[in-house]
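This report is meant for a reader who is meeting the structure for the first time. It begins with one residue and its surroundings, and then turns to other parts of the chain and to the chain as a whole.

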Amino acid sequence: MTVLDKIVEKTKERVERDKKAGLSGLGGALPPAPPRPPFLFEQALRRPGFHFICEVKKASPSKGVIAGDFPYLDIARDYEAAGAAAISVLTEPEFFLGHDRYLSEIRRAVDTPLLRKDFTVDPFQIEQAARLGADAVLLICAILTRARIAEYIKEADRLGLSCLVEVHNEDEADAAVAAGARIIGVNNRNLKTFEVDISLSERLAPKIPREILFVSESGVQTPEDVRRANEAGACAALIGETLMRAPDKKAALAELRSRL
């Protein structure tokens, strides 16, 4: 069983527990987030220029604990001050040490659009994301059928949430397009082996129609990596570990922009 299989298995168990508690029991009865205009995440990425989705992440299966000291509200505020187009917040608790509370509290601390970064395996999680204050959810083609992706996009649309549909190969890119994705993220990290190849974004770019927003995810660490993503046609890069380890996030983001 791969790490991805284990994550999905644990996520399904968590979702069943959450369903029994209901939305009112979410995260220990977290209050519902204030209303937000619809599709803010997508609107932010459609603005002219190259954008950055900056990640709030305590740990990962491949790197272990990234931030022992984890002032997540300060991190989110730093990203907003640095000009992030959106902020990705890990809520998966077992392997990434995330929590729904992080997203709920960050929502009240910043106005920047938020992506709930989790392993969506049930439409209930999309309702959760809306209640927590997310503006977008992640749909991973490696763990969802084309029909499920289409179903989840419709559910997210109903709630005014954008979907970042993540792919790692040509078949998944075709499935994402056929399912009606408006934002496709090419994950340069293989979720089964955790190997990273940033050239994957360049190779899959031709599979993504120009009207669909294209995000390069994982492994983008240097200004040269950003330049390559931009020239491949990406509108944004999702960056986690590089910024999480940077003591001055505003300076780090400025440096990543330096080759654009």
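Leaving aside its neighbours within four places in sequence, V165 is in contact with L139, C141, I149, I153, A176, A181, I183, I184 and G185. The model in which these contacts appear is a predicted one. V165 has its place in strand β7, which runs over residues 162–167, and with a relative accessibility of 0% V165 counts as buried, because the cut-off for that class is under 20%. One of its contacts, L139, is 26 residues away along the chain, yet the C-alpha atoms of V165 and L139 are separated by 4.7 Å.

L139 also leads to strand β6, where L139 and V137 are buried on one side while A136, L138 and I140 are buried on the other, so that both faces of the strand are covered. In a regular strand, the side chains alternate between the two faces of the sheet. For β6, which covers residues 136–140, five of the five residues are buried, and the strand is therefore largely enclosed by the rest of the structure. Strand β5, made up of residues 114–117, pairs with β6 in the parallel sense over two bridges, and R116 stands opposite V137 in β6.

A further buried position is S216, which lies in strand β9, residues 213–217. Not counting residues up to four places away in sequence, S216 touches V186, N188, S201, A229, A234, A236, A237 and L238. The relative accessibilities of the two residues described singly are set out below.

| Residue | Relative accessibility | Class |
|---|---|---|
| V165 | 0% | buried |
| S216 | 2% | buried |

What numbers of helices and strands does the chain contain? There are eleven helices and ten strands, and the radius of gyration of the chain is 17 Å, close to the 18 Å that the globule rule gives for 260 residues, so the chain is as compact as a globular protein of that length. The C-alpha trace spans about 50 × 40 × 40 Å along its principal axes.

Of the 260 residues of the chain, 54% count as buried, and among contacts between residues at least 6 apart in sequence, 68% join residues at least 24 apart. The accessible surface of the chain comes to about 11100 Å², with 49% of that area belonging to carbon and sulfur atoms. As for charge, the chain has 37 positive and 39 negative charges, whose mean positions are 2 Å apart.

Technical notes: Residues numbered from 1 in each chain as written. Predicted model: local features only at pLDDT ≥ 70, side-chain atom pairs only at ≥ 80, totals over all residues. Heavy atoms only, no water. Helix = DSSP H or I, 4+ residues; strand = E, 2+ residues; numbered from the N terminus. Rg over C-alpha atoms; globule rule 2.2 N^0.38 Å. Buried < 20%, exposed > 50% of the residue type's maximum accessible area, 1.4 Å probe, protein only. Contact = heavy atoms within 4.5 Å. Areas by Shrake-Rupley, 256 points an atom, 1.4 Å probe, with all protein chains shown as cover. Lys, Arg positive; Asp, Glu negative; His and termini not counted. Charge placed at Lys NZ, Arg CZ, Asp CG, Glu CD. Pairing = 2+ DSSP bridges.
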